[in-house]
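Here is a quick walk through a structure you may not have met before. Have a look at it first, and then we'll go through its parts.

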Amino acid sequence: MTKLLSPTLLLLIFSLLCTTTSGQPSAPAQAPSGSTTTSAILRKARKFSTFIGLLKSTQMDAEINSELKKKSNAGFTIFAPTDSAFSDLKTGTLNSFTDNQKAALTKFHIINSFLTISQFQTVSNPLHTSANGNTKEFPLNVIGNGTQVNMTTGLVNTTVDSTVYSDGQLAVYEIPQVLLSQGILRTQAPAPAPLPPKPKKVTPLNSQAPSRSTTSAVDSSDGTALPHHAPIVVSIGVAVLAALRLCL
């Protein structure tokens, strides 16, 4: 009997242990480590593929991650447009951008300091983005009101939909529209093409030959000259003949 009870007791004890373990709350997910890239953070959300491509092609992803590894850094705030936001752009807009325009577009969504949602209520506008120090061409005004954050660039009005990631150094916020500005859309006028050399003035062949009118005038003058001198010649001839007769 003792032999039969021993396995039964062991099964009961094992069952109790499993029940106790499964009832304990699971540990919270760990935040991404310092080696995790910005692209990896966005990739987890599964709706920022286009923006991830811009971060990589413009080398901004590597630049941000490099700066975050430094001890003395102010952090970064990224406004990440969703894939739907890029789809809402006019067809062919992104493909028509030059490399410089794509770089400016990407940098316009990045602020070189860490900002929480509450800090948007007291931030000084316009914000200086990574795009350029010139806030006239790259204006970004952000106004916080409690948990709601409104944004405007003069061309686009949008809001912050949610916080994708925040760790005290890096903050990533989801936005439903792509931030555009005059500095991004304004394309530089191409340099004027050099003027072609002036062609040498060619003298027409007709100008070198006498004109028909001139030839005609000469011919006509010669024709009229003979009758004009004819009476004089006849008079001289008559006088000569008369003189010969007198001599004879």
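## Starting from the four-stranded sheet

T77 stands opposite I111 in β2. Keep in mind that this is a predicted model. A second facing pair is I78, which sits opposite I110 in β2. In total, β1 and β2 are joined by two bridges and run antiparallel.

On to the other neighbour of β1. Strand β7 (residues 170-175) is linked to β1 by six bridges, and these two strands run parallel. One partnership here is that of A80, whose bridge partner in β7 is E174.

Put together, this gives an open sheet of four strands in the order β2-β1-β7-β6, with mixed pairing. Its edge strands are β2 and β6 (162-166), each of which pairs on one side only. Helix α2 packs on this sheet and touches β1, β6 and β7, with its direction making about 40 degrees with that of β7. There's also α4, which lies across β1, β2 and β7 and runs at about 155 degrees to β1.

So how many residues of strand β1 (residues 76-81) are buried? Six of the six are, so β1 is largely enclosed by the rest of the structure. F76, I78 and A80 point one way from the strand, while T77, F79 and P81 point the other way, and all are buried.

## The three-stranded sheet

Now for another sheet. This one is open too, with three strands in the order β3-β4-β5 and antiparallel pairing. Its edge strands, β3 (141-145) and β5 (157-159), each pair on one side only. From one strand to the next, the twist averages 20 degrees.

Zoom in on strand β4 (residues 148-152) and you'll find that β4 and β5 pair in the antiparallel sense over three bridges. Within β5, T159 is the residue that N150 stands opposite.

## A helix with two sides

Which residues of helix α3 (residues 49-57) are buried? They are F51, I52, L54 and L55. These cover an arc of only 160 degrees around the axis, which puts them on the same side of α3. The general pattern is handy here: an α-helix has 3.6 residues a turn, so residues three or four places apart point the same way. Over on the face of α3 turned away from its buried side, you'll find the exposed residues S49 and S57.

## Backbone oddities

Two residues have a positive phi although neither is a glycine. Here they are side by side:

| Residue | Phi | Loop | Relative accessibility |
|---|---|---|---|
| R46 | about 65 degrees | between α2 (38-45) and α3 | 76% |
| Q59 | about 70 degrees | between α3 and α4 (60-68) | 52% |

Are they buried or exposed? At 76% relative accessibility, R46 counts as exposed, because the cut-off for that label is over 50%. Q59, at 52%, counts as exposed as well. You can find Q59 just after α3.

There's one more backbone feature to look for. The peptide bond from N125 to P126 is cis, with omega near -5 degrees. P126 lies in the loop between β2 (110-111) and β3.

Terms used: Residues are numbered from 1 along each chain as its sequence is written. This is a predicted model: local features need pLDDT of at least 70, side-chain atom pairs count only at pLDDT 80 or more; totals for chains, interfaces and linings use all residues. Side-chain values use heavy atoms; hydrogens and water are left out. Buried means under 20% relative accessible area, exposed over 50%, partly exposed in between (1.4 Å probe, protein chains only). The arc is that of the directions from the helix axis to the C-beta atoms. Two strands pair if DSSP finds at least two bridges between them. Axes are lines fitted to C-alpha atoms, for helices over the stretch in contact, and angles run from 0 to 180 degrees between N-to-C directions. Contact means heavy atoms within 4.5 Å.
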